[in-house]
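Trainee: Please take a close look at the charged side chains that pair with one another, and then follow them to the place where the chains meet. I should like one connected explanation.

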Amino acid sequence: MIALQTLYASVHLASVETILAAGVLVLLMIGVFRGDRSLVPLTWGTVALLVLAGIHLPIVPAHGATAFGGLYIGDAFSTFFKVIILAGAAVSMVLALPYLREAATGRFEYPILLTLSALGMCLMVSAGDLLTLYVGLELQSLAAYVLAAFHRNEPRSSEAGLKYFVLGALASGILLYGISLVYGFTGTTSFTALHGLVRGTGLADLGTLIGLVFILSGIAFKVSAVPFHMWTPDVYEGAPTPVAAFFAGAPKAAAMAMLLRVAVGAFGGMAADWQQIVTFVSIASMLLGAVGAIGQGNVKRLLAYSSINNVGFALIGLAAATREGLTGVVFYMAVYVVMTLGSFLAVLAMRTADGRPVETMASLAGLSRSRPGLAAAFAVFMFSLAGIPPLLGFWPKFSVFQAAIDAHLYTLAIVGVLASVVSAFYYLRVIMTLYFAEPAPAFAPAESRTNTVLLGAAAIFCSPVGMLAITPLVAAAGRAAASLL
Amino acid sequence: MTNLPLLSVLVLLPVIAALWVLLAPGGEDARAANARVTALVVTGLEFALAVVLWLSFDIASPDFQFVERVDLFAPFLSWHLGIDGIALMLIVLSTFLMPLCILASWQSISRRVPEYMAAFLLMETLMLGVFAAQDLFLFYLFFEGGLIPMYLIIGIWGGARRIYASYKFFLYTLLGSVLMLLAMIYMVSVAHTTDIRALLTFDFDPAVQPWLWLAFFASFAVKMPMWPVHTWLPDAHVEAPTAGSVILAGVLLKLGGYGFVRFSLPMFPEASVDLVWLVAVFSVVAVVYTSLVALVQSDMKKLIAYSSVAHMAFVTAGLFVFNRQGIEGSIVMMLSHGLVSGALFLCVGVIYDRLHTREIAAYGGLANTMPRYALFFLMFTMASIGLPGTSGFVAEFLVLLGTFSGSTWLALGMTTGIILGAAYMLYLYRRVVFGTTDKPDVLAMPDLSGRELAILLPIALAVLWMGIYPESFLAPLRAPTGAILARLHPVAAPPQVPVKPGRPVLPGSAGR
């Protein structure tokens with residue numbers, strides 16, 4: 001009886017995951033029996049499911065709680081990221097509708113796979129154990145591999161899916177190997193236990209350290225940080241645009257959350273060790289992301305390098321390893337997801353007059369004449385990603401730099417700002433193409449009112465008006481970071 | 001009236017107008033007309049507000065006035081505004097130039113008028129914000145935000161090499177600013193406040209000051225611009241439309257000088273004194289070198305751009321001699337240069353609109369065909385040279401007075417610049433206005449229109465006012481300059497300890 005009660009309490013705490021898991025199976029059955037014509041109702045059904053799951057987020061107590069014998073953690077940190085994940089997944093679902101109908105791949109599996117991926121991400125951010133983490137990560141990744149190859153008639157999409165799968169499987173293997181090393185040297189996979197055991201000194205910790213390096217490498221692949229970034233441009237370019245939008249948003253945030261949880265929650269005792277690794281990865285990502293994007297002629301590839309670059313900036317906060325730094329990372333990811341989803345919404349609107357999607361920079365030329373609204377939104381996202389005040393995108397960068405200066409990481413901060421100047425160059429190039437160049441053939445008019453509304457909302461959020469969101473957002477991020485420490 | 005948040009209205013009104021201009025419905029012509037009228041009315045209103053501000057300003061007080069504070073963006077920054085006399089004068093200058101810029105673009109801009117006017121209105125918000133900000137990061141936000149509209153103005157409505165120029169402008173200034181940002185973050189992390197007034201009295205560790213000073217210097221020197229980081233300016237000026245050049249020369253260049261006055265001098269007095277050689281060398285090289293470069297230019301706008309660099313060198317030289325004449329002279333130089341170089345660019349714009357070339361060689365003998373134009377151009381040329389009776393004289397005289405008591409050698413270098421300045425301006429004037437010409441297109445050029453007269457006349461009157469009765473402009477500067485000198489004084493000139501004759505102490509009496 002007592003066992004049943006604890007089980008109930010655990011399931012209750014994990015309501016979000018429970019609802020998602022049960023709901024997605026029901027929706028899958030509906031899809032199987034009704035076929036592809038159920039795409040639209042299924043999409044809105046899954047959005048409703050995500051909203052329903054979101055309503056259950058407040059179940060988690062403010063001070064945090066664990067379930068399933070410590071395998072699962074519900075706290076302010078996981079709640080914050082689950083809001084991002086659920087919202088990001090819902091938006092990615094809706095924005096794909098016109099594309100799915102257009103590209104004749106209107107298969108009903110799209111919303112199902114996306115929801116499964118979201119379920120995996122929720123598990124990732126709530127993981128209290130290396131194995132829960134691994135299971136969540138695999139669920140997320142396997143759904144993502146299929147999504148990358150979703151446009152199966154197009155070789156580019158299949159190639160992206162295959163590339164993502166092979167490299168992703170390798171990264172998972174590295175991660176798992178790291179987990180086994182850590183288990184071997186410490187005898188546990190629980191974060192709480194590890195936090196008490198690992199102190200960064202002694203012989204046994206050397207093995208743990210090697211395990212940690214493997215774990216961090218595996219996660220670095222998921223957040224596409226240098227030197228594990230190679231898949232990003234290819235997959236973004238090859239995957240259908242809505243899928244790339246999804247990849248760039250919620251999964252990045254979830255993987256970053258997982259990184260924070262592992263680094264601070266489990267291996268907080270070895271902070272001095274992983275700080276060096278994170279610093280290196282951060283600098284390398286910022287520089288490579290900034291330089292790599294310069295020569296790109298494809299907007300999606302450019303956004304891929306932009307995401308590498310931004311992950312580098314976010315990692316500055318983790319390198320600081322202070323509460324301010326973690327707050328900065330959490331805040332950064334929230335704003336980043338909106339900026340990147342907005343940018344991809346703008347890319348989705350890039351279709352020639354006969355409705356064919358295009359992705360080249362050249363096709364954007366002079367967009368400000370034919371579609372002033374779209375061009376303005378695009379420009380807002382670019383200036384925001386470049387981190388030019390007073391746009392909202394400046395403030396996350398500001399907060400991680402502030403954390404770095406407070407932690408006396410001056411070199412990291414200086415490299416960071418210099419990289420931001422280099423990266424400004426290619427963001428400016430997009431704006432230059434939009435505003436200064438002679439007009440290219442006009443795009444097809446906007447086809448989806450929903451997408452236009454989403455695009456407008458994202459643009460307003462990233463504009464100076466969004467600065468009004470700083471206070472509540474940073475306060476929530478601060479609570480999330482505090483629950484981690 | 002007293003309850004009205006005057007500064008907030010002043011700062012936010014243009015951006016609201018910009019949104020209206022962009023979003024107004026109607027056909028292309030109707031929107032363009034609406035944009036022009038709205039922009040003119042709003043900038044005129046802004047000037048009126050600035051005059052109200054000037055009239056109700058308490059000149060005697062060195063304190064920041066019209067202070068408003070709302071903690072809107074905690075924990076990063078707050079909406080905190082307030083002005084002292086220096087900021088007040090620069091705000092008056094900016095709002096004065098703005099309607100004239102709009103008028104100058106009335107006909108010459110025919111493409112994408114609503115966007116153009118919106119960019120200018122946004123520009124005005126950001127410039128006024130820089131001068132009115134009382135929060136360190138609010139200042140940075142406005143300071144760097146100004147890059148966006150200027151980038152668009154140069155890039156969309158500029159000349160042939162506009163894309164190169166817009167990039168160069170943006171990236172140069174951004175590179176300088178980000179280093180300043182790090183210094184600001186450091187300052188806040190040490191002083192635990194973003195309030196500029198509190199930071200003004202905070203004593204930073206003298207060991208760290210040089211680094212902070214250099215970071216700020218990187219930003220302001222680029223913005224100013226000082227030799228050797230001035231190269232973006234001629235490119236930006238040449239490619240920008242006339243009104244863009246006016247705003248660039250008239251107001252944006254003042255941001256660097258304002259930054260030195262507001263931050264570098266009072267916040268890092270030790271470093272300012274230690275690194276004064278750097279500023280002095282840069283200033284003298286700038287004034288001589290850029291004057292010589294100006295002498296050989298064949299493009300009118302480029303010539304005036306180089307003359308701007310030379311004049312800005314006067315500002316830096318005057319600021320860093322740490323005496324009243326120098327600092328007040330520098331600020332008057334900023335005001336005067338804002339008017340005069342703005343007017344000179346407008347003069348170039350007048351003939352550019354007629355002939356569409358900036359080549360000096362294409363003109364000549366304008367005195368015969370455009371006598372009114374020749375008169376105004378002469379007056380601003382003389383003001384640029386620093387003829388007594390014009391604003392330029394007051395500025396140059398005060399700066400030279402200041403530098404002379406600081407360092408004779410510095411004064412010698414700066415005076416060389418004045419002589420060279422007379423040379424290149426007179427040479428320019430002779431080639432454009434005097435002589436005779438047989439070029440049919442030059443002969444066919446009509447004299448100033450009513451609109452152009454309405455633009456140039458107010459500036460001419462202001463230049464004369466400042467030249468004949470500078471007290472109106474110097475009075476508000478006095479108290480804030482005093483405050484800066486009070487910060488600098490303990491460092492710049494160690495107080496002489498008066499020798500007191502002591503009474504002899506008798507041996508054995510010490511114990512009593």
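Mentor: Let us begin with Glu109(A), which counts as partly exposed because its relative accessibility is 22%, and partly exposed covers the range between the buried limit of under 20% and the exposed limit of over 50%. Please keep in mind throughout that this is a predicted model. The partner of Glu109(A) in a salt bridge is Arg107(A), and their closest N and O atoms are 3.2 Å apart. Arg107(A) is also partly exposed, since its relative accessible area is 27%.

A second pair joins Arg156(A) to Glu237(A), whose side chains meet in a salt bridge with an N to O distance of 3.8 Å. Arg156(A) belongs to helix 7 (residues 155-186) of chain A and Glu237(A) to helix 10 (residues 231-238) of chain A, so this salt bridge ties together parts that lie 81 residues apart in sequence. Arg156(A) is partly exposed because its relative accessibility is 32%.

A third pair consists of Glu359(A) and Lys300(A), with closest N and O atoms 3.0 Å apart in a salt bridge. Here the loop between helix 15 (323-348) and helix 16 (367-370) of chain A carries Glu359(A), while helix 14 (residues 299-320) of chain A carries Lys300(A), so the pair links parts 59 residues apart in sequence. Both Glu359(A) and Lys300(A) are buried. These two residues also belong to one network of salt bridges with shared partners, whose members include Arg156(A) and Glu237(A) as well as Glu154(A), Lys163(A) and Arg301(A). Over all chains, the whole structure has 21 salt bridges.

Lys397(A), in helix 18 (residues 394-406) of chain A, offers another case. This lysine is buried yet has no salt bridge, and the nearest side chain of opposite charge, Glu144(B), is 10 Å away. A salt bridge needs a nitrogen and a carboxyl oxygen within 4 Å. Beyond its neighbours within four places in sequence, Lys397(A) is in contact with residues of chain A, among them Asn310(A), Phe313(A) and Tyr332(A).

Ser399(A) also has its place in helix 18 of chain A, and it counts as buried because its relative accessibility is 8%. Apart from neighbours within four places in sequence, Ser399(A) is in contact with Gly328(A), Phe331(A) and, across the chains, Phe76(B).

That last contact leads to the place where the chains meet. There, 34 residues of chain B are in contact with 36 residues of chain A. About 3300 Å² is buried between chain B and chain A, and carbon and sulfur atoms give 81% of that area. On the side of chain B, the residues that lose the most area to chain A are Phe76(B), Tyr167(B) and Leu182(B), together 20% of what that side buries.

What is the count of salt bridges between chain B and chain A? The count is 0, whereas 8 residue pairs are in polar contact there. Strand 1 (65-73), helix 5 (136-145), helix 6 (147-157) and helix 7 (162-191) of chain B each supply at least two residues of the side that touches chain A. Helix 7 of chain B gives the largest share of that side, 16 residues. By class, the side of chain B that touches chain A has 26 nonpolar, 4 polar and 4 charged residues.

Terms used
Residues are numbered from 1 along each chain as its sequence is written. Chains are lettered from A and ligands numbered from 1 in the order in which they are written. This is a predicted model: local features need pLDDT of at least 70, side-chain atom pairs count only at pLDDT 80 or more; totals for chains, interfaces and linings use all residues. Side-chain values use heavy atoms; hydrogens and water are left out. Contact means heavy atoms within 4.5 Å. Buried area is the accessible area (1.4 Å probe) that two parts lose on being put together, summed over both. A polar contact is a pair of N or O atoms within 3.5 Å; within protein, one must be able to donate a hydrogen and the other to accept it, and residues adjacent in sequence count only if both atoms are side-chain atoms. Helices (H or I, at least four residues) and strands (E, at least two) are DSSP runs, numbered from the N terminus. Ala, Val, Leu, Ile, Met, Phe, Trp, Tyr, Cys and Pro count as nonpolar, Asp, Glu, Lys and Arg as charged, and the others, Gly among them, as polar. Buried means under 20% relative accessible area, exposed over 50%, partly exposed in between (1.4 Å probe, protein chains only). Lys and Arg count as positive and Asp and Glu as negative; His and the chain ends are not counted.
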